[in-house]
Amino acid sequence: MNRIFWASLPLLATSTAVLAAPVYETDAPIAYMTDLSSGAILFEKNADKQIPPASMAKMMTVYVAFDQIKKGKLALDQKVKIQRATWQKWTGQGSTMFLGVNDEPTVKDLLHGIVTLSGNDASVVLAEAVGGTEANFADLMTKTAKRIGMKNSRFGNSTGWPDEGKTLVTARDLGILGARLSNDFPKLYKDFFGLTEFTWGKTNSGEPITQPNRNPLLGKIDGADGLKTGHTEEAGYGFTGSAEQKGRRIISVLAGLDSYGGRSSESVKFMNWGFNAWETKNLFKKGTKVQTAEVQLGNSSSVDLVAPKDLFATLPKGSDGRLSMKVRYNGPIKAPIAAGQQIATLLVSTEDAGTQSMPLVAGDTVEEAGFFDRVWAGLKSLLGLS
């Protein structure tokens, strides 16, 4: 029978001095911030309240498309035919890419139209290309959201357009989605997020239509490269932002603000606070052995638990408080185990920044034990031998 194993690690500290967690005040009724380098939650305000996301829902449309591309079910150079009914419904309806009924954009074009221009027309056209209908695609959005840990979100359409409460998210879930977009699809994320403008369509006089990205962080926060604004009368003004500085990525979420200018200024202020009021402490370099775990019925009785990347703790700037660390895993872990497989969690507790959770992976491959080794292991267990 498996049980949870805990292993404490030595305290990391140079003194016992502790700084209080930095305080932040915001007019936004909904706010959330997480530091992906450590998993620390730096701020939360009504983070689990379900809200209409407006165009921030398009982040999930993009995630599903990226996932289809990664699985080989969708190609960036694949051309998509615009259905007349879709064009008639969405031309000039809210944010638009200015798709024409005779246009044949590629999936790549549509993704730029969604990410940079927030085009409702682009979102629906891509949804129909993947799901056959937008309703089918919305079901896929909801299923995908549950799979990646967005526990309190559901989607009724691909755009975030008001739909009488069918589409609802939480700020925490939007934070998870922002993190998964950058972590799960790093190349696609880099290729599509962070563009300052995109050109598609022509005016009546034949001039190309170039529209700017509404991301309020671009050009104002170093390392800003995402993610998505949103606005409807129902939802107010919202923004899920992302920026990376010196290997440290922060995801911020604001929702329910009452003006375009208020969203812009608060987004910049909030992200600056995340980077300036907090700092990271290096815990383990990538590949460092952190602990060992027991293995059941393997060709080895234990396996090293190592850091899959550089691991950090996030602390208030200037803090030199104590860090207590524990390793948790369900064990004994049954073989076979693949090198690099996540099998444990490092939990770092601080007095001023809560508990931060980080993955640990197997340092080596452990194969299943052979027949005689399994018999011998059974006898040792029966006789109480180590």
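How many nonpolar, polar and charged residues are there in the lining of the second largest cavity? That lining has 5 nonpolar, 2 polar and 1 charged residues. Here Ala, Val, Leu, Ile, Met, Phe, Trp, Tyr, Cys and Pro count as nonpolar, Asp, Glu, Lys and Arg as charged, and the others, Gly among them, as polar.

A word on the model comes next. The structure is predicted, so to speak of a local feature takes a pLDDT of at least 70, side-chain atom pairs count only at pLDDT 80 or more, and totals for chains, interfaces and linings use all residues. Residues are numbered from 1 along each chain as its sequence is written, and side-chain values use heavy atoms, with hydrogens and water left out.

Taken as a whole, the protein has 9 helices and 16 strands. These are DSSP runs, numbered from the N terminus: helices are H or I with at least four residues, and strands are E with at least two. Of the 386 residues, 51% count as buried; the cut-offs are under 20% relative accessible area for buried, over 50% for exposed, and in between for partly exposed (1.4 Å probe, protein chains only). The protein exposes about 18,300 Å², and carbon and sulfur atoms supply 49% of that. Such areas come from the Shrake-Rupley method with a 1.4 Å probe, and for residues only the protein chains shown count as cover. As for contacts (heavy atoms within 4.5 Å), those between residues at least 6 apart in sequence were sorted by separation, and 66% of them join residues at least 24 apart.

Now for the empty spaces. On a 1 Å grid over the protein atoms alone, a cavity is a set of points where a 1.4 Å probe fits but cannot get out, while a pocket is an open set with protein on both sides within 12 Å along at least five of seven lines; lining residues have an atom within 4 Å of a point. Grid points are joined across faces, edges and corners, and a volume is the space filled by probe spheres set on the points. Counted this way, there are 3 cavities of 30 Å³ or more.

The largest cavity has a volume of about 60 Å³. Its lining is made up of Ile114, Val115, Thr116, Ser118, Asn213, Arg214, Asn215, Leu227, Lys228 and Thr229. Two elements, helix H3 (107–115) and strand S6 (224–232), give two or more residues each to this lining, and S6 has the largest share, with 3 residues. Sorted by class, the lining of the largest cavity has 3 nonpolar, 5 polar and 2 charged residues. One of its lining residues, Leu227, lies in strand S6 and follows a cis peptide bond from Gly226, with omega near 5°.

The second largest cavity has a volume of about 40 Å³. Around it sit Ile82, Thr86, Trp87, Trp90, Thr91, Leu99, Asp121 and Val125. Helix H2 (84–90) and helix H4 (120–131) each supply at least two of these residues, with H2 giving the most, 3 residues.

As for open spaces, the largest pocket holds about 900 Å³. It is lined by 33 residues, and the closest to its centre are Leu36, Gly39, Ala179, Asn183 and Lys309. Strand S2 (30–35), helix H6 (171–184), helix H7 (186–192), strand S15 (342–350) and strand S16 (354–362) each give two or more residues to the pocket lining. H6 has the largest share, 6 residues. By class, the lining of the largest pocket splits into 12 nonpolar, 13 polar and 8 charged residues.

A few single residues also deserve a look. Gln211 is in strand S5 (residues 208–212) and counts as buried because its relative accessible area is 16%. Its side chain reaches the backbone oxygen of Thr96 at 3.0 Å. Leaving aside neighbours within four places in sequence, Gln211 is in contact with residues including Thr96, Met97 and Phe98. Thr106, in the loop between H2 and H3, is buried because its relative accessibility is 16%.

The backbone has some quirks too. A second cis peptide bond joins Ala335 and Pro336, with omega about 5°; Pro336 is in the loop between strand S14 (333–334) and S15. Asn46 has a positive phi of about 55° although it is not a glycine, and it lies in the loop between strand S3 (40–45) and helix H1 (58–70). Asn46 counts as partly exposed because its relative accessibility is 45%.

Methods
Polar contact = N/O pair within 3.5 Å; in protein donor to acceptor, adjacent residues only side chain to side chain.
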